[in-house]
Amino acid sequence: MQEGVHEKNAFMAPEVFAGQRVSGKIDVWGMGMTLFYMLYGCSPWPHAKEADWHRRLGSTIVYPEGYDVPDKLKQCIEKMLVYDPEMRIGSKELSRLFGG
């Protein structure tokens with residue numbers, strides 16, 4: 001898999017790039033991106049070009065076809081990749097989703 005600079009930066013939460021205050025939710029973003037790449041081997045926003053990469057973050061996730069991923073896991077990823085950190089799921093809520 002070839003990846004550009006923008007794809008490597010995608011593992012960093014949007015608030016980091018915006019220079020906003022950060023919280024533990026930056027790790028939730030990173031986990032969501034890692035999980036997506038592990039499952040699909042590509043970005044959730046495959047059509048984003050480097051110039052508009054950060055504008056695309058948080059837009060509708062594109063799931064590649066041909067993968068049998070449970071809906072519950074997709075919903076979890078979507079909650080982890082919410083652009084606004086105030087609306088993004090936290091680690092405690094994430095743990096509860098999986099019965100922890």
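Trainee: Which residue follows α3, and what is its phi?
Mentor: This is a predicted model, in which local features need pLDDT of at least 70, side-chain atom pairs count only at pLDDT 80 or more, and totals for chains, interfaces and linings use all residues. Residues are numbered from 1 along each chain as its sequence is written, and side-chain values use heavy atoms, with hydrogens and water left out. Helices here are DSSP runs of H or I with at least four residues, numbered from the N terminus. The residue after α3 is G41, and its phi is positive, near 75°.

Trainee: What does helix α3 reach from its first C-alpha to its last?
Mentor: Helix α3 covers residues 25–40, which is 16 residues. The expected span is 1.5 Å times one less than the number of residues. For α3 that expectation is 22 Å, and the helix comes close to it, reaching 23 Å.

Trainee: Which element gives the most to the largest nonpolar core?
Mentor: A nonpolar core is a set of buried Ala, Val, Leu, Ile, Met, Phe, Trp, Tyr and Cys residues joined through side-chain atoms within 4.5 Å, where buried means under 20% relative accessible area, exposed over 50% and partly exposed in between, with a 1.4 Å probe and protein chains only. The largest such core has 13 residues, and W29, M33 and F36 are among those with the most contacts inside it. Two or more residues come from each of α3 and α5 (71–80). With five residues, the element that gives the most is α3.

Trainee: How is the aromatic pair of F36 and Y63 classed?
Mentor: Rings of Phe, Tyr and Trp (its six-membered ring) pair if their centres lie within 6.5 Å, and planes under 30 degrees apart count as stacked, over 60 as edge-to-face and the rest as tilted. F36 and Y63 lie 5.8 Å apart, centre to centre, with 45° between the planes, so the pair is tilted. F36 belongs to helix α3 and Y63 to the loop between α4 (53–56) and α5, 27 residues apart. The class of this pair is tilted.

Trainee: Is E86, which forms a salt bridge with R21, buried or exposed?
Mentor: A salt bridge is a side-chain nitrogen of Lys or Arg within 4 Å of a carboxyl oxygen of Asp or Glu, and for E86 and R21 the closest N and O atoms are 3.9 Å apart. E86 lies in the loop between α5 and α6 and R21 in the loop between α2 and α3, so the pair ties together parts 65 residues apart in sequence. With a relative accessible area of 58%, E86 is exposed.
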